[in-house]
Amino acid sequence: MATRASSRGILAEASSNDREEIVGMLTRAYWMEVETVISYLANSINPDGVRAQEIIESLKADIEDELGHARQYGERIKDLYGVVPGSLEFTAEQSYLQPPEHQTDIVHVIKGVIEAETGAIDFYNEIIERTEEVDPVTNDMVIAILRDEEGHRRLFEGFLREYEAEGKA
Ligand SMILES: [Fe+2]
Ligand SMILES: [Fe+2]
């Protein structure tokens, strides 16, 4: 016996175009999270100096958050009948989070993190707008993730303020 397709909502036959577009956006978000994990991992190991330790500890905590986000995006891709891509489809974009010339250059790392978080915040707002009417479950999920990213950005803005106050940023 064939299973009955949903007649309403994002899983309905009639929603296949919306579904495809949303899976595309979720896939991009998935890769953004994966790249952020890669970048934060390196930047939680490389920095030198007394003041670097606070940044290292924050990034270590954020890595767990971003990995959790990647998992949520992946699972939602699957729910919407998509397939989570393999590593060969990955293209890196975070030029601003490459290791600085000097590993004591903490401002470089802080600014890079703010840039990554801002990129995520902008794109996740786009997903929230796109899913508003058609996919309340994805909408809800991304709103919760957006809250984490806003928190991450705010924390690093605070770090940057301290350096700016000293004229070092
Ligand atoms: Fe994230
Ligand atoms: Fe984040």
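Relative accessible area under 20% is taken as buried, over 50% as exposed, and values in between as partly exposed. The structure is a predicted model. By this scale arginine 28, with a relative accessible area of 37%, is partly exposed because its value falls between the two limits.

The side chain of arginine 28 meets that of glutamate 93 in a salt bridge, with an N to O distance of 3.5 Å. The two residues are 65 apart and belong to distant parts of the chain: arginine 28 sits in helix α1 (residues 16–43), whereas glutamate 93 sits in the loop between α2 and α3 (106–131). The structure holds eleven salt bridges, this pair being one of them.

Two further salt bridges lie within single helices. In helix α2, glutamate 57 pairs with lysine 60, and their closest N and O atoms are 3.7 Å apart. These residues are three positions apart in helix α2, so about one helical turn separates them. Glutamate 57 is partly exposed at 44% relative accessibility, and lysine 60 is likewise partly exposed at 42%. In helix α4, arginine 153 and glutamate 157 form a salt bridge whose closest N and O atoms are 3.6 Å apart. Here the spacing is four residues, which again means a separation of about one helical turn. Arginine 153 has a relative accessible area of 25% and is partly exposed; glutamate 157, at 27%, is partly exposed as well. In addition, Arg51, Glu162, Glu166 and Lys168 are joined into one network by salt bridges that share partners.

Two iron ions are bound. For the iron ion (ligand 1), the protein donors are Glu33 (OE), Glu33 (OE), Glu66 (OE), His69 (ND1) and Glu149 (OE), at 2.0 to 2.3 Å. Along the sequence these donor residues follow the spacing E-x32-E-x2-H-x79-E. Glutamate 33 is in helix α1 and histidine 69 in helix α2, so this pair ties together parts that are 36 residues apart in sequence. Both residues are buried: glutamate 33 at 1% relative accessibility, and histidine 69 with a relative accessible area of 1%.

For the iron ion (ligand 2), the protein donors are Glu66 (OE), Glu117 (OE), Glu117 (OE), Glu149 (OE) and His152 (ND1), lying 2.0 to 2.4 Å from the ion. Their spacing along the chain is E-x50-E-x31-E-x2-H. Among these donors, glutamate 66 in helix α2 (residues 52–79) and histidine 152 in helix α4 (residues 136–165) are 86 residues apart and link distant parts of the chain. Glutamate 66 is buried, with a relative accessible area of 1%, and histidine 152 is buried, with a value of 5%. The iron ion (ligand 1) and the iron ion (ligand 2) lie 3.9 Å apart and are bridged by glutamate 66. Glu149 also appears among the donors of the iron ion (ligand 1) and among those of the iron ion (ligand 2).

Helix α4 has 30 residues and reaches 43 Å from its first C-alpha to its last, close to the expected 44 Å. Its buried residues include the iron donors Glu149 and His152, along with Thr138, Asn139, Met141, Val142, Ile145, Leu146, Phe156, Phe159, Leu160 and Tyr163. The cover over the buried residues of α4 includes α1, α2 and α3. Glycine 167, with a positive phi near 75°, follows α4.

Key. Residues numbered from 1 in each chain as written. Chains lettered and ligands numbered in written order. Predicted model: local features only at pLDDT ≥ 70, side-chain atom pairs only at ≥ 80, totals over all residues. Heavy atoms only, no water. Donors = N, O, S within 2.8 Å, 3.2 Å for Na, K, Ca; no water. Buried < 20%, exposed > 50% of the residue type's maximum accessible area, 1.4 Å probe, protein only. Salt bridge = Lys/Arg side-chain N within 4 Å of Asp/Glu carboxyl O. Expected span 1.5 Å × (residues − 1). Contact = heavy atoms within 4.5 Å.
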